[in-house]
Amino acid sequence: MTTPPTALMITPDRPIGGAPSVRRVFELDREHGAVLRAEVLATALGVCEVRVNGMLVSTDLLTPGWSSYEWRLRYAQWDATPLIAELTEDRAVIEAVIGSGWYSGHLGWDGSSEVYGAERAALVELRILFADGHVQTVGTDETWTSLPTETTADDLYDGQRIDRRVEMGDRFTAAPVHEEGGVRVVPFDAARLTAYTSAPVRRQEEIVPIRVWRSPAGALLADFGQNLVGWTRLSVRGIAGQEITVRHAEVLDEEELGTRPLRRARATDVFVLSGADDVFEPTLTFHGFRYAEVSGWSGADDDLFVALRAVVIGSDLIRTGTFSSSHPLLNRLHENVVWGMRGNFVDVPTDCPQRDERLGWTGDLAAFAETAVYLYDTEAFLADWLRDLAVEQEHADGRIPIVVPDNLKYEEIGAMAAAVGSSLVIALWNDAACWVPWAMYEAYGDASVLADQYVSMAGHVRRVGAALSPRGLLEGGFQLGDWLDPTAPPDAPYMAKADPAVVATACVHRSVVIARDAARVLGRNDDAAEFDALATRIGESFVDHWVSDGRIHSDAPTVYALAIVFGLVDGADRAAAGDRLAELVAEAGHVITTGFAGTPFILTALSEAGHLETAYRLLLQEKCPSWLYPVTMGATTVWERWDSMLPDGSINPGEMTSFNHYAFGAVATWLHRVVAGLAPAAPGHSRVRIAPRPPATGLTFAETALDSRHGRIATGWSLDDGVLRVVAAIPEGVTAEVSLPSGFAAEVGAGVHEWSEPFPGLAARNSAQVLSGASAGEPDA
């Protein structure tokens, strides 16, 4: 009972406002004995919710999510055995409510809707296995009927309108229903169907308001204390026809709901009361918000504390990595990274969850992938997304889109489309084709992701080879570059001080190296030799044309960070690059001066080049722009711009600003690997490096833990009276390479291990020397 469905894709045969229902009354084949098993397979051009006799078959939300619909439409498989086995009547009804979702609702920032198609439709198949082996199948076809529902409007950006006066109780029975109409079959290629292998979107938790109050303008506001993704659930009783409107936003603006950053997204739900006890939960939309404005509420203001809840949704991923320290702001920063990932991993890894965008930007994920695979088990989630990347690439003559799924190919985005189209390769964004599967391989140790994505990876790096200039560099054409460098003009975030060609060449060099290493893992030796030669050519060209007397062309922090971390400079050039990077950071006052390309790597570059204390001064900086500035301003997620909120509490005046963007949260990888000291030393963490590097001042404690494929790996350290104490717990099957700040090195296996050594001043040592294996002898046990 696990083969693909054979039912037909159907839609109502007449216009129905809002979210229609398609239904079928059927009789159980009781003569075949007891029901042993039942399952429902479901998908939609849009999103769907399936019920049997009014009971939801699954708690999954927004099924089947968003994929590259033209070539891949996922279907869910749900166990319906309890619902079918417990039926007391021979006749029953199965129905699917169809929301617009990503398919026909608003999508993108230019106001487009119906990007993939105008008709929402559903394909549902119920299979029932009886005791004698008989299988009864009830699937969508021309015999089904259609109905309007209480959802009279729905859109992911704009919200949902639910009118409980629409009496729909009879639709859950076998009796005829008023306004019941027919359906028609929608032409659909069943070869597009693929089983849903990613984690489904589900409710994660509920949050109660921490404050309810009236704004200066008299608006009734609720604060949930956390920027989250989901919706509000409202329990209410009132006069039939009474409307309650709930608007959502991430921040306040002059003490009122701050909706300007939402741009075209209305993020508004409307609930029309039935006159009885109503519970409203708009499950065909979602919002990014911390604050809600409730209008039309006739009860006491304080009643909202009981009546209103925020429902947090997201892909149902298992948390694997944690971090904590003695620094409260640093801990909050890490939690902000976690919440940012939760809110943006809603079926697709998006840039932001609140405004009229919410797209699967490849550059954001390329920058964040190493952090994502540590914080959560994202193996299935990212593997599914990579399939969409590969299929989009396949149907675009090898070009990798800057968003996956690629809705932009259908939209009028003017000058940007022309600029992007002028470049064979958009570095960092296109590099997700290599960076993401490699991060997964390093985290989980399963080479199948490399095998599955190899054609995509190899295609990308060969395209890189074709795009190089005669000088062997990726120059010419348009690049997004070090996007959102805080020193760039607010209305031109691509105009970073780092030369875009230098950034692009460094990024694609990393991809070529990754593809070479993947080829070696897979035994593709000829390809490995080809890619090795290409990496050598790019690396030599980078040094020949852009490195001179320890300076790298454009002399910006990002170019030094990338050159160091990506292995483009070595020896004296590497040392000089590290010194110059530290100098630039100090000249800027130890604030952030890098964008999307440089920020994930700048701390690693500093610490690897022997400037650990400079890295810590940058990490712990509280002035804007810095990682901790938003925390001091009350942020509970990572912001898109370092100054999305200005020091006076006003919203950045720019047109593009989000308070939930995870890309800059890639700093968490440094927290795990350097601050707490746990890094992979072999794919799948079969070998790990325990190498904490405490700062001279500012922290007295840090710890991290990872639930790896081999079990839980944990390490932590504390400072007390000038003594550094390090503890590590290693599971069976894992070997740990230990490196302490004194230079002590050891190798240990499974068990709990402890070390201690005098600490004063050691953190300021050259960490590159420490990590090279220099030993200061056995520390005190």
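Which residue in β35 does Thr704 stand opposite? The partner is Thr715, and this pair makes a good place to start our walk. Please keep in mind that this is a predicted model, in which local features need pLDDT of at least 70, side-chain atom pairs count only at pLDDT 80 or more, and totals for chains, interfaces and linings use all residues. Residues are numbered from 1 along each chain as its sequence is written, and side-chain values use heavy atoms, with hydrogens and water left out.

Strands here are DSSP runs of E with at least two residues, while helices are runs of H or I with at least four, numbered from the N terminus. Two strands pair if DSSP finds at least two bridges between them. Strand β34 (residues 701-708) is antiparallel to β35 (residues 711-720), with eight bridges between them, and a hairpin of two residues connects β34 to β35. On to the next neighbour: β35 also pairs with β36 (residues 723-730), again in the antiparallel sense, over seven bridges. Thr715 appears here too, with Ala728 as its bridge partner in β36. Two residues lie between β35 and β36 in their hairpin, where Asp721 takes a positive phi near 55 degrees.

Now to an open sheet of five strands, ordered β5-β4-β7-β2-β10 with antiparallel pairing. Because β5 (55-56) and β10 (145-147) stand at the edges with a single partner strand each, one side of each has no neighbour in the sheet. β5 is joined to β4 (residues 47-52) by two bridges in the antiparallel sense, and Arg51 has Leu56 in β5 as its bridge partner.

Helix α6 (residues 379-394) offers a neat geometry check. Its 16 residues, at 1.5 Å a residue, should span 22 Å, and the end C-alpha atoms are 22 Å apart, which agrees; the expected span is 1.5 Å times one less than the number of residues. Among the buried residues of α6 (under 20% relative accessible area, with a 1.4 Å probe and protein chains only) are Phe381, Trp385, Asp388 and Glu392.

Finally, the largest pocket has a volume of about 1100 Å³. A pocket is an open set of points on a 1 Å grid over the protein atoms alone where a 1.4 Å probe fits, with protein on both sides within 12 Å along at least five of seven lines; lining residues have an atom within 4 Å of a point. The volume is the space filled by probe spheres set on the points, which are joined across faces, edges and corners. Of the 39 lining residues, Glu370, Val565, Thr604, Glu608 and Arg673 lie nearest the centre.

Notes
Buried means under 20% relative accessible area, exposed over 50%, partly exposed in between (1.4 Å probe, protein chains only).
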